[in-house]
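Let's take a walk through this one, starting with the whole chain and then stopping at a couple of backbone oddities. Have the structure open as you read.

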Amino acid sequence: MAHVVQIRDLRKVYEGGPKGAFEALKGASLDIEAGEILALLGPNGAGKTTLISTVCGITQPTSGTITVGGHDVVSAYRAARRMIGLVPQEIHLEPFSTVMNTVRFSRGLFGLPRNDALIEEILEKLSLSDKKDNKIMQLSGGMKRRVLIAKALAHEPKVLFLDEPSAGVDVELRKGMWDVVRGLQAQGVTIILTTHYIEEAEEMADRVAVISKGQILLVEEKAALMARMGQKSMVIELADALQEVPEALVRYGLEIVKGGSALRYTYDTRAERTGIRRLLNDLDAAGLTMRDIQTEQSSLEEIFVGLVNEDAS
């Protein structure tokens with residue numbers, strides 16, 4: 001699949017802060033495929049917003065290159081910016097303007113001719129048609145966030161950045177927004193989503209990228225991550241500590257944990273057979289006495305936290 005956004009060795013250094021220069025991005029590289037939904041995960045201060053701002057031309061890169069649809073965001077910024085829609089995390093809207101005029105104005109900023117039919121269509125998809133003549137100040141927080149999406153879509157971008165789109169939105173509106181995003185993807189729009197809601201990444205993304213301390217740690221298909229989530233482990237506590245795994249049990253790939261007082265067995269919960277029954281029989285045959293058995297299962301959140309903690313060590 002073609003890469004609509006290509007980021008290579010991107011660095012961003014902010015000079016003159018209270019503690020001197022701060023390197024927000026440290027050689028980040030990322031390829032984003034046309035038509036996919038990519039979830040960009042990372043803790044606060046990881047560089048998510050800086051990365052998006054640099055791609056969108058809000059801030060200039062210190063070094064490295066970014067192309068959007070083959071257009072360099074620095075040397076061909078007009079063509080690159082024309083392809084991008086951005087829904088920022090913060091809500092900044094003119095309170096006395098109507099919804100219709102707000103979205104219409106955004107289209108005009110790109111020098112495009114007036115197209116009220118298109119604006120009406122966008123508002124309809126975002127369940128804002130009945131609010132088009134309302135002033136922004138009359139809308140709820142969730143509706144204002146939908147207006148931000150409508151503004152970002154007014155110039156018909158090919159790439160849409162959503163920076164924490166569900167922040168402050170209730171569960172029902174959040175799920176409605178997911179439906180909107182899926183609809184946009186079906187129309188060929190590439191979507192990059194930053195979120196603190198792990199379930200949002202699990203629900204929406206085709207791929208997941210993890211960023212920490214200005215570096216991309218992982219880019220992986222969601223299906224592969226979900227396969228990892230399907231890995232479950234069983235911790236078998238023993239009456240007597242072991243120094244090594246008995247030869248008869250080596251084929252199970254057991255890990256000695258808790259100072260030798262327990263064994264961990266990892267298996268795929270979706271497999272036709274987990275091998276647990278056979279393992280327990282073989283443990284007994286090897287003369288090992290079990291005191292307790294506990295099961296553990298990782299989540300995408302644990303995988304994410306583990307990656308970030310590993311990077312911090």
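**From the whole fold to two loops**

Start with the contacts: among those in the protein that link residues at least 6 apart in sequence, 69% join residues at least 24 apart. Keep in mind that this is a predicted model. As for secondary structure, you'll find 10 helices and 14 strands in the protein.

Now for the inside and the outside. The protein has 313 residues, and 44% of them count as buried. Its accessible surface comes to about 15,800 Å², with 49% of that belonging to carbon and sulfur atoms.

With that backdrop, zoom in on the backbone. Head for the loop between α4 (116-125) and α5 (141-153), where Ser127 sits. Ser127 isn't a glycine, yet its phi is positive, near 55 degrees. Is Ser127 buried, exposed or somewhere in between? Its relative accessibility is 44%, and because partly exposed covers the range between under 20% (buried) and over 50% (exposed), Ser127 counts as partly exposed.

Follow the chain on through α5 and you get to the loop between α5 and β7 (159-163), which holds Glu156. Here's another non-glycine residue with a positive phi, this time about 60 degrees for Glu156. And how accessible is Glu156? Its relative accessibility is 41%, so Glu156 counts as partly exposed.

Put the two stops together: Ser127 lies in the loop between α4 and α5, while Glu156 lies in the loop between α5 and β7. Both have a positive phi, Ser127 near 55 degrees and Glu156 about 60 degrees.

Methods
Residues numbered from 1 in each chain as written. Predicted model: local features only at pLDDT ≥ 70, side-chain atom pairs only at ≥ 80, totals over all residues. Heavy atoms only, no water. Helix = DSSP H or I, 4+ residues; strand = E, 2+ residues; numbered from the N terminus. Buried < 20%, exposed > 50% of the residue type's maximum accessible area, 1.4 Å probe, protein only. Contact = heavy atoms within 4.5 Å. Areas by Shrake-Rupley, 256 points an atom, 1.4 Å probe, with all protein chains shown as cover.
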